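User: Hey, can you walk me through this one? I'd like to start with the surface.

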Amino acid sequence: MVHKVLFWGGFGLAVRAWQLGLEMRPFFNKESLWAYPVFGGVGASFGYWLQGVDQRQQKILGARRQALLEKRARRAEREAAEAEAL
């Protein structure tokens, strides 16, 4: 979980650096240093939210996979019983 939060936090910082580069402003201006934690925090928040989405999707996919495996097993049993009856 931590790797996604760290990645997106770093991405937020990179976005801030890119923004300042496009505006051709100094990276470490005293008046704008507050924006780095804001951009990093927003990116980290997105990473945390994305991790939750990933966990919910994996849970749904796991339940669906289990249901499909059970359905296949029942079908195989039914076909084996029908073949045996013939």
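User: How much area does the protein expose, and what share do carbon and sulfur atoms supply?
Analyst: The protein exposes about 7200 Å², and carbon and sulfur atoms supply 66% of it. That area comes from the Shrake-Rupley method with a 1.4 Å probe, and for residues only the protein chains shown count as cover. Heads up: this is a predicted model, where local features need pLDDT of at least 70, side-chain atom pairs count only at pLDDT 80 or more, and totals for chains, interfaces and linings use all residues. Residues are numbered from 1 along each chain as its sequence is written, and side-chain values use heavy atoms, with hydrogens and water left out.
User: OK, how many helices and strands are there?
Analyst: There are 2 helices and 0 strands, read as DSSP runs numbered from the N terminus (helices: H or I, at least four residues; strands: E, at least two). The radius of gyration is 25 Å, well over the 12 Å that the globule rule gives for 86 residues, so the protein is more spread out than a compact globule. That radius is taken over C-alpha atoms, and the rule is 2.2 Å times the number of residues to the power 0.38.
User: What box do the C-alpha atoms fill?
Analyst: Roughly 85 × 20 × 15 Å, along the principal axes.
User: And what percentage of residues is buried?
Analyst: 15% of the 86, where buried means under 20% relative accessible area (1.4 Å probe, protein chains only).
User: Which residues of α2 are buried?
Analyst: Among them are Tyr36, Gly40, Gly43 and Gly47.
User: What do they pack against?
Analyst: The buried residues of α2 pack against α1 (2-23), with contact meaning heavy atoms within 4.5 Å.

Notes: Buried means under 20% relative accessible area, exposed over 50%, partly exposed in between (1.4 Å probe, protein chains only).
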